[in-house]
Protein chains: 10
Amino acid sequence: MSDSIYSGLQQLGQATRMPASPDEATLERVPNPQADVAYCVRFTAPEFTSLCPLTGQPDFAHLVIDYVPGGWLVESKSLKLYLGSFRNHGAFHEDCTVSIGRRLVALLEPAWLRIGGYWYPRGGIPIDVFWQTAAPPEGVWIPDPGVPPYRGRG
Amino acid sequence: MSDSIYSGLQQLGQATRMPASPDEATLERVPNPQADVAYCVRFTAPEFTSLCPLTGQPDFAHLVIDYVPGGWLVESKSLKLYLGSFRNHGAFHEDCTVSIGRRLVALLEPAWLRIGGYWYPRGGIPIDVFWQTAAPPEGVWIPDPGVPPYRGRG
Amino acid sequence: MSDSIYSGLQQLGQATRMPASPDEATLERVPNPQADVAYCVRFTAPEFTSLCPLTGQPDFAHLVIDYVPGGWLVESKSLKLYLGSFRNHGAFHEDCTVSIGRRLVALLEPAWLRIGGYWYPRGGIPIDVFWQTAAPPEGVWIPDPGVPPYRGRG
Amino acid sequence: MSDSIYSGLQQLGQATRMPASPDEATLERVPNPQADVAYCVRFTAPEFTSLCPLTGQPDFAHLVIDYVPGGWLVESKSLKLYLGSFRNHGAFHEDCTVSIGRRLVALLEPAWLRIGGYWYPRGGIPIDVFWQTAAPPEGVWIPDPGVPPYRGRG
Amino acid sequence: MSDSIYSGLQQLGQATRMPASPDEATLERVPNPQADVAYCVRFTAPEFTSLCPLTGQPDFAHLVIDYVPGGWLVESKSLKLYLGSFRNHGAFHEDCTVSIGRRLVALLEPAWLRIGGYWYPRGGIPIDVFWQTAAPPEGVWIPDPGVPPYRGRG
Amino acid sequence: MSDSIYSGLQQLGQATRMPASPDEATLERVPNPQADVAYCVRFTAPEFTSLCPLTGQPDFAHLVIDYVPGGWLVESKSLKLYLGSFRNHGAFHEDCTVSIGRRLVALLEPAWLRIGGYWYPRGGIPIDVFWQTAAPPEGVWIPDPGVPPYRGRG
Amino acid sequence: MSDSIYSGLQQLGQATRMPASPDEATLERVPNPQADVAYCVRFTAPEFTSLCPLTGQPDFAHLVIDYVPGGWLVESKSLKLYLGSFRNHGAFHEDCTVSIGRRLVALLEPAWLRIGGYWYPRGGIPIDVFWQTAAPPEGVWIPDPGVPPYRGRG
Amino acid sequence: MSDSIYSGLQQLGQATRMPASPDEATLERVPNPQADVAYCVRFTAPEFTSLCPLTGQPDFAHLVIDYVPGGWLVESKSLKLYLGSFRNHGAFHEDCTVSIGRRLVALLEPAWLRIGGYWYPRGGIPIDVFWQTAAPPEGVWIPDPGVPPYRGRG
Amino acid sequence: MSDSIYSGLQQLGQATRMPASPDEATLERVPNPQADVAYCVRFTAPEFTSLCPLTGQPDFAHLVIDYVPGGWLVESKSLKLYLGSFRNHGAFHEDCTVSIGRRLVALLEPAWLRIGGYWYPRGGIPIDVFWQTAAPPEGVWIPDPGVPPYRGRG
Amino acid sequence: MSDSIYSGLQQLGQATRMPASPDEATLERVPNPQADVAYCVRFTAPEFTSLCPLTGQPDFAHLVIDYVPGGWLVESKSLKLYLGSFRNHGAFHEDCTVSIGRRLVALLEPAWLRIGGYWYPRGGIPIDVFWQTAAPPEGVWIPDPGVPPYRGRG
Ligand SMILES: [Ca+2]
Ligand SMILES: [Ca+2]
Ligand SMILES: [Ca+2]
Ligand SMILES: [Ca+2]
Ligand SMILES: [Ca+2]
Ligand SMILES: [Ca+2]
Ligand SMILES: [Ca+2]
Ligand SMILES: [Ca+2]
Ligand SMILES: [Ca+2]
Ligand SMILES: [Ca+2]
Ligand SMILES: [Ca+2]
Ligand SMILES: [Ca+2]
Ligand SMILES: [Ca+2]
Ligand SMILES: [Ca+2]
Ligand SMILES: [Ca+2]
Ligand SMILES: [Ca+2]
């Protein structure tokens, strides 16, 4: 395994700061070192947080991203910084969830991608957002996320 | 068992409407038909709802009330109406929970009473309120409420 | 073990019908064949049902009765018939639960007895009733009933 | 992401009061900012409450709404207010559940929608109501609601 | 460890048949090879069955026997045969459970013994019987049997 | 219940923004409307987040705060804003957890307070921090937080 | 901690074979490097097996050993070899379990030790054997082994 | 539904004794009152017991019988007597389980039937036997029996 | 059911010893008394143990064998002895598991057979081996073994 | 079973040290002794650890490898050493997981192979990597790994 595929990266192994917004975040990609096979990568982000664009109050979500890479992988530190960049950024749940998925699609041109956003309740009602680019490709192993439903108290 | 202890009740077995506020609610009591022994009565109210006194938004709680009666029992339909009377009433969590407990104490003069209010999250942070008149009396059987803690999503 | 202790029983091994009310039920007792030791007997009755004395609607409860016998045991078929006799009988939860316990105490003069009545919700609010004659006797094995709390739906 | 799609909204970020009935509620919609892809939005409402149209007694439900948007999204605060507007409104379980679903369909013209209403028990018997506009669309990720069955007490 | 302590046994390692009644069963004992320390031995018998002495219908129980041996251990095959001898024998639950415990006490003269009989429901009502010779001895490790309570169905 | 105890509050029912740091946050208190009884208030904050003071990376924690009020209650919206003010603030886990507890103590002069900080893993190792002002007061009902231990993956 | 405390060990880091019987096994000890504090060490051996001394049939057990060391720790490879030495050795359940505990006590002179032997069922009846040197020392954290009870089938 | 469909039954409502063997048992059937729809009936028999045909030792099983009736239902008391008739009858596990299923098929000519026999371990190895007449019919709701697998100890 | 199908068996009901190796074990078969229907027989062996052929260290496995018999059944005592014969026999996991399955296939000529070997961890890494003769036959009820995956600790 | 298939192995049964990197590791294979049937072998490695190639920090993963062997089996000690060789080796999650799978494929030329890498969280976000050579072959038994999703704290 050669590290040279990472030679153009700007953020990995550097002192970095959290970008102030998704627009300022640089999502980076690296060549898929296993591009001749179809496999699935899952990111689970139980620490996602953004702001309500109208009230400025923080929102929280548990995100699960599954993708089957084509020629590129997302570099995980840049993904972490990108996700972290929502920290002080206004974002509606549906748009935010799907746009994260689509930005990854634009960057990575994956064979397939899905994202599930399980948002913490606001006003007692959580929103979940589920998007995938297509039905899962046949012959690739893609397990269920297994996130339990919201129950309130008691 | 004689039903006559219920002869003065105003609400039981009647068409009743939900009182518009706790003040308008008539909590009724009946003589404790088993007043010569110490026992515990538990009410579990997973359907409690009130309004935020400042914003008017609805709040929800899971309440557990345990008491050891003295000379009186709370009549359960009047308790249900009383709890229901918070439906369109403004009430802060701590005050609401403890005041329900205390109103029952004033009415019933029980040997012991406790109330637990497990409020649904607002702004992502649930409040639980726990009050009891004293340490539980010895020799009376009073099980734990067993309500699980709040976990958010994921 | 001799069966003769059962020779006076009226209901066991007979075609019997359900008594129409608790008053008509004959709770029977048999000499405790192990009266020189202290032990605990538990009856679990998840199918208990009575009527609301005012509305006539059926009520349901899960009852757990624990007792440490003195000179007598309750004959279990008569207990079953006695519990079944509440089926078309009006009974308030607290009174019903404690009175079952006390009738057993009157019949059996046990060393100790407790009864837990876990009533199904009415108006969304279940009532639990817990009574014991005293703190459990030391040195006798009396496990916890282990009944989970009510949670509503979701 | 532009906030301007929200510029016509009347309720978001405003001091609002709970509408007095579903008819008075204004369900609002916003353009689907991701309308060129098919994805699923789930709302889980464990705090739904309405009144029995005959007795005026409160009813409670845990609702799960899944939809695949077409050109519109439901604005979540207006949905919250709409669901909250049932608070003092009489509604039968079946009718209420399906009518919420249909009103959303009329507003949103979604590609697909389903609603599950898991009602709290009355008389000991919970009612669940399940409706969907059609079989789920192929290739869209729509997880199971995962709500456990009712068990009563004991 | 010497096997000679087993030299007088009649049943172990022999072709044996199930004794026709508890009276015909020979419970055997062996010297406790660790008699100078206090420890606990647990037998769990989920396959116990006897007959109702009046109706002849089969009864079933899950038995848990814990004892702290004195000078003797019960030989386990003879215990198995003794328990099996109840198969076609009439026995009431309380008497049967306690008498098994007491016969073991008579045989073994243990430092302490308890027996829990968790009987299968009849008429919907299971009976549990719990007996111990005394409070558990201090300083001896005696775990809870951990048998869950009966819940009926659902 | 009078709302006038809230008349001096600056943040409740107002458009507010998240304070930029804990120092800028105004924790507010209201007179304890039930100050003549001892009860426990629990806040559960599964959405707490701060920054690492050295790397600037976000940290997350699940906080549980229990207190027995004296003359004051913390106003919950100001608590929410205070907790939210850590969002862009550097804080070490131990220091952060204990300092939140101590600031509440300084503000509220409670009869008793404890805080548990269950931090999300960093480098695979979560840190839990537990602080209380003293042993819990006798006779007040203070349940266990019930947070499960961390298990890693697999 | 210096490795020199291991300098006298005979088996660690050597090619060893399983001793043919417990008598042939050499249990080794090392100085307790933390002898000035009280803590608990647990060994869990789910692969213990021995032979029935009369029939030669294999027996299986799940062993849990907890001890609070004094001046010595058991060297774990020698413990493994010692436990493995029972593989072709005849041993009754009670004797075997307690004798393992006592051999460790003789070797280690611990502050406290307990052993639980959870034997697989034979004839449908498993035997569990529990021994400890004394009541657990106060102030030392010694969790429950958490082994579930045997249930039969269904 | 008229009771007259029961008019030919010989055992229901009669004093009956347990038949001495399966051959002596009379399995009875009644017309299916809902024969125009496909539904599933489940019997769970956790108290099944027979004898080993060679050693005479008792065997135990937990049986689950599911069937989709055609024109007939099995009369449940006759089924209970039939299952009880195996008590003193020699039967191998495989043969016994399947023959019960087949005898029901011969009697009932159901649309579909399956039987699962979960036998208690002998020599540490339980046998499960599963038989069904065909793959389950499409569109009929037939839940999994949900019987957990055998795990041994630990 | 006739016992005569067992008349040629050599081991059942006899004093037997454990064979010294699989080669010395005599697996016996009996005619399938239900050979005209397709059903599944499951053996669960949580007590399997063999030796590592190179180091002589003991290995342990939990085996689950499912088969759909053709003309023969395996006699269960001979199976137990056969499995026990691996106790002092060297065997690699894959070979051992599959060879047990194949020996059963050679003996029984079943319609279908599968074996799962869940081996205890060595060096922290358990091996599971799964073999079946073909895809499961359609229309035969063959439940999942339900063995949970290995999790390490924590 | 002949041991001679292992005669060329270099590591098994030898004193070995952990290779310093995957390149230095010698993965060994042995002829598949059951090569004429298709079966599945599962390795579960909950203790996998490597280093971050840029920061040098340790990473941990729970690996599950399933394969259907062709002519060869991986020798398990060499696999253990190979997996252990990543300990001080820099490796990205995706590449590492898939390259382990592919190196096994190159060595073994299996009929099918899949690998799941469940990595412990870094920066709060675990990565899971799932690869298989193709859809699972029909007719071979390949159970789900059953690994639960990551949940953070609380
Ligand atoms: Ca909320
Ligand atoms: Ca709830
Ligand atoms: Ca919230
Ligand atoms: Ca979470
Ligand atoms: Ca109800
Ligand atoms: Ca129930
Ligand atoms: Ca029954
Ligand atoms: Ca029943
Ligand atoms: Ca981490
Ligand atoms: Ca783990
Ligand atoms: Ca057994
Ligand atoms: Ca059972
Ligand atoms: Ca066994
Ligand atoms: Ca086990
Ligand atoms: Ca290991
Ligand atoms: Ca959480």
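**Entry 1: chains C and E**

I began by laying one copy on another in this predicted model. Chain C goes onto chain E with an RMSD of 0.2 Å, by a turn of 61 degrees and a shift of 0.3 Å along the axis. The two copies are thus related as by a six-fold rotation axis. I then looked for the part of chain C that comes nearest the axis, and found the C-alpha of C:Gly146, 9.8 Å from it.

I also asked through which surfaces these copies meet. Only 3% of the interface residues of chain C are interface residues in chain E as well, so the copies meet through different surfaces.

**Entry 2: chains H and E**

Next I took chain H with chain E. A rotation of 180 degrees, with 0.1 Å of shift along its axis, superposes chain H on chain E, and the RMSD is 0.2 Å. I noted this as the relation of a two-fold axis. Here the same surface serves both copies, since 100% of the contact residues of chain H recur in chain E.

**Entry 3: a calcium ion between two chains**

Which protein atoms are the donors of the calcium ion (ligand 11)? I found G:Gly124, through N, and H:Pro121, through O, lying 2.4 to 2.7 Å from the ion. The pair crosses between chains: G:Gly124 sits in the loop between strand E5 (112–119) and strand E6 (127–132) of chain G, and H:Pro121 sits in the loop between strand E5 (112–119) and strand E6 (127–132) of chain H. I checked both residues for exposure; G:Gly124 is buried, and H:Pro121 is buried too.

I also looked up the distance from this ion to the calcium ion (ligand 13), and it is 2.7 Å.

**Entry 4: an annotated binding site in chain A**

I turned to the record. The UniProt annotation "binding site", from an unreviewed entry, covers A:Val74, A:Glu75, A:Ser76, A:His93 and A:Glu94. These positions are spread over 21 residues of sequence, and they are also spread in space, with up to 24.3 Å between C-alpha atoms. I followed two of them further.

A:Val74 lies in strand E4 (residues 72–74) of chain A. Is A:Val74 buried or exposed? Its relative accessible area is 2%, so I entered A:Val74 as buried. Leaving aside neighbours within four places in sequence, I listed the contacts of A:Val74, among them A:Leu27, A:Phe43, A:Tyr67, A:Leu104 and A:Leu108. The list also includes J:Glu94, from chain J.

A:Ser76 is found in helix H1 (residues 76–84) of chain A. At 31% relative accessibility, A:Ser76 counts as partly exposed, because the buried class ends at 20% and the exposed class starts over 50%. Not counting residues up to four places away in sequence, A:Ser76 touches A:Phe43 and J:Ile127. I noted that A:Phe43 is thus on the contact list of A:Val74 as well as that of A:Ser76.

**Entry 5: cysteines**

How many disulfides does the structure hold over all chains? I counted zero. I looked at two cysteines to see why.

The closest cysteine sulfur to that of F:Cys40 is in B:Cys96, 17 Å away, which is too far for a bond, as a disulfide needs the sulfur atoms within 2.5 Å. F:Cys40 is buried, with a relative accessible area of 0%.

For J:Cys96, the closest cysteine sulfur is in J:Cys52, 12 Å away, and that is too far for a bond as well. J:Cys96 is buried, at a relative accessible area of 1%.

**Entry 6: aromatic rings**

I counted 61 aromatic pairs over all chains and looked at two.

E:Tyr82 and E:Phe86 form an edge-to-face pair, 5.4 Å centre to centre, with 75 degrees between the planes. Both E:Tyr82 and E:Phe86 are buried.

F:Tyr118 and F:Phe130 form another edge-to-face pair, at 5.6 Å centre to centre and 75 degrees between the planes. This pair links distant parts of the chain: F:Tyr118 is in strand E5 (residues 112–119) of chain F and F:Phe130 is in strand E6 (residues 128–132) of chain F, 12 residues apart. The partners fall in different exposure classes: F:Tyr118 counts as buried at 7% relative accessibility, whereas F:Phe130 counts as exposed at 58%.

My last look was at chain A, where A:Phe48, A:Tyr82, A:Phe86 and A:Trp119 form one aromatic cluster.

Conventions: Residues are numbered from 1 along each chain as its sequence is written. Chains are lettered from A and ligands numbered from 1 in the order in which they are written. This is a predicted model: local features need pLDDT of at least 70, side-chain atom pairs count only at pLDDT 80 or more; totals for chains, interfaces and linings use all residues. Side-chain values use heavy atoms; hydrogens and water are left out. Donors are N, O and S atoms within 2.8 Å of the metal (3.2 Å for Na, K and Ca); water is not among the atoms, so sites may look incomplete. Helices (H or I, at least four residues) and strands (E, at least two) are DSSP runs, numbered from the N terminus. Buried means under 20% relative accessible area, exposed over 50%, partly exposed in between (1.4 Å probe, protein chains only). Copies are superposed by least squares on the C-alpha atoms of residues with pLDDT of at least 70 in both. Contact means heavy atoms within 4.5 Å. UniProt positions are given in the numbering used here, feature names are shortened, and annotations may be inferred rather than shown by experiment. Rings of Phe, Tyr and Trp (its six-membered ring) pair if their centres lie within 6.5 Å; planes under 30 degrees apart count as stacked, over 60 as edge-to-face and the rest as tilted.
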